[in-house]
Protein chains: 2
Amino acid sequence: MAAVDRSLVANLPMFAGLTPTEQDELLREARSIRYPKGAAVFDQGAEADRFFLLLHGHLRVEKTTSQGQQSVVRYVSAGELFGVAQAMNLTNYPATAVAAVDSIALAWPSSSWHRLIVKYPSLASTALQTVGSRLQDTQARVMEMSSEQVEQRVAHALLRLAKQAGRKVDAGVEIDFPISRQDVAEMTGTTLHTVSRILSAWEQQGLVEGGRQRIVLCDTHRLHDLAEGEEAVQAHKREP
Amino acid sequence: MAAVDRSLVANLPMFAGLTPTEQDELLREARSIRYPKGAAVFDQGAEADRFFLLLHGHLRVEKTTSQGQQSVVRYVSAGELFGVAQAMNLTNYPATAVAAVDSIALAWPSSSWHRLIVKYPSLASTALQTVGSRLQDTQARVMEMSSEQVEQRVAHALLRLAKQAGRKVDAGVEIDFPISRQDVAEMTGTTLHTVSRILSAWEQQGLVEGGRQRIVLCDTHRLHDLAEGEEAVQAHKREP
DNA sequence: CGACGAAGTTGAGCTGGCGCAACCTAGGCC
DNA sequence: GGCCTAGGTTGCGCCAGCTCAACTTCGTCG
């Protein structure tokens, strides 16, 4: 087990408000683990025996219904707390987390959770904020799915991904991990066919640039308009 | 301000794990407030200056998009903590809470939140569990909206409502507060027209009993089947 | 280097359920 | 009691997007 240096993590939300000594104490209880691309950090339904902090990489969190329908719940980026099922009083993980790229995470035993939050109340606050902002995101998604067209939802999803994991490149902002049309479809509640058609159309208009497991947003401003329900680009719609 | 007796609340999750003295201390900082049917406890966007515990009644929590699309986020029942926006580091309430029936809630100033969780760590755990289970519910809704037909979603919604706020009556289980077709539509991401059609059809088959702002589930078992995607009732579908 | 598979594209047709519209019905209020 | 309005029902036409299907492109592994 590699020792993790405090300086790597000291300015993450999870460690904010703790003294260097406390930070070291917390780190000493954690294990650092490597997950190669494609590896599962935990599986839906498995006993929630650990919680994690992602140090490096990106994870895809996915959930499968009893009927076998799979969908992408969210992506986790470096610095985020995840797998805190135990803190919400779940005994099993409600979803599967898979490394979208080679990743590194810190893991603590779930059994220490209670002791830790009593000792470091700021940890509870951090977790509450983490879970709270996830709740916000998820509720936003519900609202989108209730009232928006597929095209708007895809635009929203891409913008959110770009904000969370965008990397500036020449052509615009690239999503910083491999993501398929299927993945986008599972995030927006549609089919890969429809996503493919939409992205093709956008590419023609210069809004995005595609590629195998790759999406670059070229015109985020226009995409934002689309997400908010503006009419499509070159359509000269007039209502006399 | 009426004094609230500890015995009324002692066995709620929020007060579990506290000594009677601590329970009294917590109660002494709260105000008890009556909300007549239709009154707003707080409004979306308002400053989140208080958090609440519902003592009696039912609240409808609704959210409106920037485009004016409204939707029902959830219903709150007696004993639940709500309005904990501040704990998730939000400065404003993300939704509106309206009394579905005459209701009573305890209110604490948001400013005491931090002090309280340091003093009573179990409070943080309770809040985390509350928010966590909401996250679970909301994610379940996302999955439903991605993969289920409208009829299944309505069935799921009714079953959830019945579990949360069902009252046993002669004909079956009645939802214990006034709820319109429009409300159900806003919970399931459809229109009141479609909900009305579905409920009419179900009523013919004896699955539910309707009425003005009133729904009684008569055959929860069959509804459960429908929710899980079984074929419609009298349809003799065979696949040879 | 060839070939196999995973990812993506594109066409054609069908349909669930939305939009619109007209119409009932039950309370509440004067 | 009669009016007025919010809530509910129902018919009809249409279209966004799903399904099914055929095909292309790219990466990788033997």
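Helices (H or I, at least four residues) and strands (E, at least two) are DSSP runs, numbered from the N terminus. The model is predicted: local features need pLDDT of at least 70, side-chain atom pairs count only at pLDDT 80 or more, and totals for chains, interfaces and linings use all residues. Residues are numbered from 1 along each chain as its sequence is written, chains are lettered from A and ligands numbered from 1 in the order in which they are written, and side-chain values use heavy atoms, with hydrogens and water left out.

Chain B and chain A each give 39 residues to the contact (heavy atoms within 4.5 Å). The rule finds 0 salt bridges across this interface (a side-chain nitrogen of Lys or Arg within 4 Å of a carboxyl oxygen of Asp or Glu). On the side of chain B that touches chain A, α3(B) supplies the largest share, 19 residues.

Pockets were sought on a 1 Å grid over the protein atoms alone; a pocket is an open set of points where a 1.4 Å probe fits, with protein on both sides within 12 Å along at least five of seven lines, and lining residues have an atom within 4 Å of a point. The largest pocket is lined by 46 residues, and S133(A), Q136(A), D137(A), A140(A) and R160(A) are the closest to its centre. α3(A) gives the most to this lining, with 15 residues.

The second largest pocket has 29 lining residues. Nearest its centre are S133(B), R134(B), D137(B), R160(B) and Q164(B). β5, α3, α4 (150–165) and α7 (220–227) of chain B each supply at least two lining residues. The largest share, 8 residues, comes from α3(B).
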